[in-house]
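Me: I have a model open and want to go through it with you. Can we start with a term and then move on to the chains?

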Amino acid sequence: MPDNRVSEPSAKRRKLDPSGSQPQNQPSFADVLQKLKEDAGEDTHVEGGSDGWDRPALPTINPKRDPIIFQQIDIDEATDSTGIIVRLFGITQEGHSVLMNITHFDPYFYVPCPRGFASDDLEPFKNYLNEVSGGDYVVRTELIKKQTLWGYKGDTPVNFIRIITIDARNLPKVRDKCIPTQCSYQDLFGGVVPTFESNIVYTLRFMIDTKVVGMNWIEVPAGNYTLIHTKRSKCQIEIFIRWDKFISHPPEGEWSKIAPLRILSFDIECAGRKGIFPEANQDPVIQIANMVTRQGESKPFVRNIFTLNTCSNIAGSQVITFEEESKLLLEWSKFLQKVDPDMIIGYNISNFDLPYLMERAKHLKLADFPYLGRLNTKTQTKDTHFSSKAYGQRDSKETPMEGRLQLDLLHFMQREYKLRSYTLNSVCAQFLGEQKEEVHHSIITELQNGTPESRRRLAVYCLKDAYLPQRLMDKLMCFINYTEMARVTGVPFNYLLARGQSIKVLSQLYRKANEENYLIPNLGGGGSDEQYEGATVIEPKKGFYDVPIATLDFSSLYPSIMMAHNLCYTTLLDKNTVDRLGLVKDVDYTQTPNNDLFVKPSKRRGLLPTILNDLISARKRAKTDLKKETDPFKRAVLDGRQLALKISANSVYGFTGATIGKLPCLAISSSVTAYGRTMIERTKQEVEAYYTIENGQEHNADVIYGDTDSVMVKFGPKDLETVMRLGSEAADFVSTKFERPIKLEFEKVYFPYLLINKKRYAGLYWTRPEKYDKMDSKGIETVRRDNCRLVSTVIETCLHKMLIDRNVDEAQAYTKQVISELLQNKVDMSQLVITKALAKTDYAGKQAHVELATRMKQRDAGSAPALGDRVAYVIIKGYKGSAAYEKSEDPLYVLENNIPIDTKYYLDNQLAKPLMRIFEPILGEKASSLLSGDHTRTIQIATPTVGGLMKFAVKTRTCLGCKTALKPTNSIPDGAVCHNCRRRLPELYHKQIKSAAELQTRFARLWTQCQRCQGSLHQDVLCTSKDCPIFYMRKKAQKDVEDSNATLARFDQELEW
Amino acid sequence: MTDSTHPTYERPSTYVVELQEGIPSYEIDDAKKTYKHQYSNIYYMRLQLLRSFVQTRAKAKWKDVAGNPPYIERVLEVNKGELCYIIGTIYMEMPLKPNVMDDIASDLAIPPPPPLTKFLSSEDAVMIEDESGRIQLIGDRLKKANLVTGVIIGALGMETSDGGFEVADLCYAGMPPQEAGPDVAPQDQGEDNMDVDDDGEPYELVAFISGLSLDDENCNDVNVAMLAEFLVGELDVKTSSRISRLVIAGNSLAPVVLLPLEDEETDNTKSWKNQEVINFSTAPTLQLGAFMLDIAGTMPIHLVPGPTDPSGAILPQQRVPRGMFGKVHEYSTFTCETNPVWLRFATGKEPESETETEVDTETEGDVVRTRWRAPRPPPPFSRTFLVNSGQPLDDMYKYVASPPTTRIQLAENSLRWRHMAPTAPDTLWCHPYFDLEPFILPVTPDFYVIGNQPEFSTKLVEEEDESEGKRRCRIVLVPVFSKTGALVLVNLRTLEATCTRIDTKGFAVKEKKAKELAEQRRREKEQEVKDQTEPREPLRKSTQLPEALLDDEID
């Protein structure tokens, strides 16, 4: 420790040190007092921002003179006496809330105009429609020249009839009843009549027509609106306006800013009963913690907690205590209305906190509670079902609050990240780098029933849970990225979590199509399950490559294929049209490798290629701006935008292939993948043909693997620089063989590279020759949740040793050592714990965690996991032939009772496969010796203290020197060694005390860490977070150090050393 | 031995006397050895025990402050904007404190980076905590205070609008009481001038060494041999003949280096042989035994264990079994002590132990036999020592900026805080005591001796106030012998302390001559840099998963 010897003054006779306890520097003390008085100022009794609930007061508005400019955040529709209205909610730059009621925007759709239908027919046709549908639904019909989006039929626009209805809800009646099958008007319509643009949501229709995109800024010019004085909502400004009288600003330049939205992050605690997950009709809500932050600020300006029963002060937060739960809930509802958040976030609020509050309020018959939105309407919780090809199915609950955005961080995490565990604890550990104390819900009730201090403890915990979602959101930039996504794709913010990918593409398609005079057909959904061939994979040449492997990537492969070959709905040809218009192959149209026909851009530029081109050039712009921008907030916005643009460009292809989507067109999607396949093959051929010894190169290039949009090339040379040069050359060379804008790019080199199988590889990732960027691994399942931690530790360490240390021998040695330690029971228990959520009680098959939960309930119903809890277990040795599910056991029980672990299970079922995967490419056949060599010979089994024979077993002590059983004849009673080993006592003691010292340190470090994490020195650690690696370790440390002490005590008996 | 050949230099005697009441023993008996308790109990006890002392002093200190600030009993009950004072435990929130989570999260087989020498960073926060909760302390006053986790303080100030507590002044528990003893004021000249050529005035010295750091290489180190010769009086008989006893303050052995096991004797096969394999050298232990044997015939030895010695890793370190060191254990003059340890030495010859006689007295015909204890002649002189091997100070040192703060200042603070190891258990590992807080100072010792320090330093600290009267304590930082070749001699009568260097030519020289010193320090620094850059445990083979994580603190 060099620091320690920095010159210490040797003066030994100094006056008392100023840091001593004598009061000194009185003047500065007075200064401080002064400063404190100033600081305290007016907010003497304001704790946790209790004076900041209200929005800033609204100055008087003169509709004749004052424009209203706001960022709109939410949109919905309603019907009132004047007809259908659209409601836009938003916030001004000054933080005032706005509700804009928009009138006179009538819903409509189109049908193709049949031959013989003339403008005189419009009025009778309207009457006909109203008659058939049984109401005055249709306001007006008109003729309009448009083209269908689907297929190239020549360039002449044709007539369509636009049918304008009175109400969005009645539009489907007209559409479904009158048009498709039974339209017998004048017998002009033969057979099935297709409809156009008839299945788009009314609000989205409105946004498209008025060029409003999600989260953009709206300007209402002075004189164009009327101010409402008897308001129907809780918004500060409420206006009426005609739909064509306002300005929608594209989110560019100045208008890319974000208004100071109020974001409420909250968390509730309920007092559950032992062993039962809280139920709203029984268990009270005892605390609600709230944090309100203004978007763009780093700290919440309101921090408070509503508690049932008294609670000690919490510095920096307002504690609001209640004697009755119903009062608490009602006051919280009032708080919410007063603080009027624009956005509500939390962790699992959609499925737990909000529904629980709603149900609880219902149970307590609190009629005034459920008014949480901005309108004076009752809030209700609904069950929703979400199904998407990309995100799978999910049943969830939804509690819509008009005018407020909701973002459940749990949903966000599940959607955007693939994680081992989605508990708030493990998400925070991963993204915020900190563990969170976890208080089990059975302890919550105990704390609640304790003292004001114990409730305070709970409150601090609850406040932390309310704050973490906000921090996560800031850290992961969820809000900004989603805002940009809404702006780029044009859909409302709330769609992003609630809906799938396709609505975003559809919104862009409509906008572009309408601009270009196309109409989008309603294909009626349904859809087939038709499959088509996916991307191609060049069969991997498995192995461990100790030379640089260059990776050539097609940048945005699918979008550029669509652009290069003009693949679009609007360019799709059929044979008839080719014949009818006399088109010439390769001049007027192309035939794709999938044998579909598309016209060339010279005939018609496709809409999708145009959209893609816009997206990609917009992304380029955003990236250029990003490089120039220095303001961190604007950088965040730009980065969010370029990401949103990239995702959008890539989802267009998926949209055309979504067979249950709105507008599937397999001709497009199959052609895209077909092109992709040929391009990968072609690249392989070109590279392998050009880079040969015959052509003057030093080595023959070898394409060892290729997948979707990249190929891995082994050029041969051993140095990175050469390979990087070759890679970039080859990319340029191959790019010339393809149509623009398809471009092969050289991005990175893997060196070394471990190719395990299709989509499974690992390597060091280099983009410059000086230093590798990172270790990259794909498809090596270290994050699977039903694996124990040991698997990922071992695999990661092995990869590290192979790739970074470049030492395969050491990786093998390490693996052998871990296996040997595993078999000898030396691996820490926390490494072996497997966790699974107890989602429901009636699983079809028998499952380890369910069985264990049942057994634990029999042992102690109080501490047993309840529904919704995560069950942690280890696999223990069972009797011969017992099934895996019977061998699960509570890790704590195992620790306490020394129950032997089934180490063989861990070797065979957990470690073996992943290990073989990474070692086989290197060692080939020999790899299996890792699992069965000498190092697997020694097996130690813990001596259990419970069960079967143990009741009859007598423990014999053995000599610590030679392991001989100690008997009265060869040793001192309770001593450490036999007489023969007595001379070795000093060294044996030394060894024993050394290991005891390690265990002591371990104990101390683990428990003090938990103390730090819980944020209190004076209170015992209560945390039971099973996701935290410390949890089992600290239990084990406690036991180990006591065992070690017991062994040391034996030396005390040895009097004569 | 010198006594016989040089009768003019008769070695003075001192003997161990019983400690004052209230001074704890650091021996943990079997009943207390349990690890079932959590560390919160220690903090609880500490706050309970020290709060009243702080409060008494705070009351006196701030009684004249305008507005008569009240004492708020719970830190959370302070009112915003109201001047008041609170008492609680300091917690330093420092991101650079070693975090066991980092070690767990990182790859297990990859050695962790060497431990940091400082926790200090710009993101630190000072918290004050009691049973009710914690609140952040803010303000410039804190910068000068050199606070560390675990100190009990009183803070005068007020809560600001953002929930922090702006501190105007601080108050500590102050130095504990001291038994009014014979107070021989140190002579006014500096300690360096303490005259070894005494002028006939008798005086007794106690020698302190620490950090012999015996390992396989320096087993036959000439410096250690010289040290032994010096102590028994073969080199500088004038000085050494005044030394009445030796205290070894820790780290007699260097950190254990594991030897590679023979290949065929790896973990997997050794169990057949059934012999417990010792994979480190036992030579240093034997050498230490031999060293002490050389001396034990001349003067008593107290062996205090340090972090690298065969004792536990957490405080208090327990006695090393005497049997560890071979023949020296036969000497009654050889004692193994705990770390830390309180010792009290009296001057003169120990009175005969047979002071009890039985006396028959006849009272009204009954013969009553009573045991009569002859009044022990009061020792002419006794001094109380508090000795530790340096861990508490080393740990506190990581919390503060240095310069300006020096180790001696911290040691002094520790006395004024009335606590010798405040950072335990937060960053200094200690036993999970349940109903005891043995690191609180019950009395002010005459000498506070701290071993294994980079260099010698000493200071006489005094305090006088109404509640506890006058106290004074000589703080002595004992340098690492293996790096400085120096030992420290303290004078029981004058409370003086001097550092004496054994140079390789075999002469004891007093530490002087700035030039030489500077040169010496430069060399040491180079050596340290070298030590740090070299692999810490080049021979270690075991990478056993869990244990390997925690090596830092053990070494």
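Reply: Helices and strands here are DSSP runs numbered from the N terminus, a helix having at least four residues and a strand at least two. On that basis B:Pro404 sits in the loop between helix 8 (391–397) and helix 9 (407–416) of chain B. Keep in mind that this is a predicted model.

Me: What is the peptide bond from B:Pro403 to B:Pro404, cis or trans?
Reply: The bond is cis, with omega near 10 degrees. Most peptide bonds are trans.

Me: Which residue does a cis peptide bond join to B:Pro340?
Reply: B:Asn339 is the partner, and omega is about -5 degrees. B:Pro340 belongs to the loop between strand 10 and strand 11 (341–347) of chain B.

Me: Zooming out, how many helices and strands does chain B have?
Reply: Chain B has 13 helices and 20 strands. Of its 555 residues, 58% are buried. The exposed area of chain B is about 23000 Å², with 51% of it from carbon and sulfur atoms.

Me: And how many in chain A?
Reply: Chain A has 27 helices and 33 strands. Its buried share is 58% of 1057 residues. Chain A exposes about 45000 Å², and carbon and sulfur atoms supply 50% of that. The C-alpha atoms fill a box of roughly 120 × 85 × 70 Å along the principal axes.

Me: How far apart are the mean positions of the positive and negative charges in chain A?
Reply: They are 3 Å apart, taken over 142 positive and 131 negative charges.

Me: Back to helices. What span should helix 11 of chain A have?
Reply: Helix 11 covers residues 478–489 of chain A, and at 1.5 Å a residue its 12 residues should span 16 Å. The expected span is 1.5 Å times one less than the number of residues. The end C-alpha atoms are 16 Å apart, so the two agree.

Me: How many of its residues in chain A's helix 11 are buried?
Reply: 12 of 12. The buried residues include the charged-type names you might look for, A:Glu484 and A:Arg487 among them. Just after helix 11 of chain A, A:Gly490 has a positive phi of about 85 degrees.

Me: What covers helix 7 of chain B?
Reply: The cover of its buried residues includes helix 26 (985–1014) of chain A, and from chain B strand 7 (205–209), helix 4 (222–232), strand 8 (243–249), strand 9 (301–304) and strand 10 (334–336). Among the buried residues of helix 7 in chain B are B:Leu288, B:Phe291, B:Met292 and B:Ile295. Residues three or four places apart point the same way, because an α-helix has 3.6 residues a turn.

Me: Where do positive phi values turn up outside glycine?
Reply: A:Lys759 is one of them, with phi near 55 degrees. A:Lys759 lies in the loop between strand 28 (744–757) and strand 29 (760–766) of chain A, and at 48% relative accessibility it counts as partly exposed. A:Arg806 also has phi near 55 degrees, and lies between helix 20 (789–804) and helix 21 (808–823) of chain A.

Me: Last one: is A:Asp776 buried or exposed?
Reply: A:Asp776 is buried, because its relative accessible area is 10% and the cut-off for buried is under 20%. A:Asp776 lies in strand 30 (residues 774–778) of chain A.

Me: What does the side chain of A:Asp776 join in a polar contact?
Reply: The side chain of A:Tyr750, at 2.6 Å. A:Asp776 also touches A:Tyr761, A:Ala762, A:Gly763 and A:Tyr765.

Key
Residues are numbered from 1 along each chain as its sequence is written. Chains are lettered from A and ligands numbered from 1 in the order in which they are written. This is a predicted model: local features need pLDDT of at least 70, side-chain atom pairs count only at pLDDT 80 or more; totals for chains, interfaces and linings use all residues. Side-chain values use heavy atoms; hydrogens and water are left out. Buried means under 20% relative accessible area, exposed over 50%, partly exposed in between (1.4 Å probe, protein chains only). Accessible areas come from the Shrake-Rupley method with a 1.4 Å probe; for residues, only the protein chains shown count as cover. Contact means heavy atoms within 4.5 Å. A polar contact is a pair of N or O atoms within 3.5 Å; within protein, one must be able to donate a hydrogen and the other to accept it, and residues adjacent in sequence count only if both atoms are side-chain atoms. Lys and Arg count as positive and Asp and Glu as negative; His and the chain ends are not counted. The place of a charge is taken as NZ of Lys, CZ of Arg, CG of Asp or CD of Glu.
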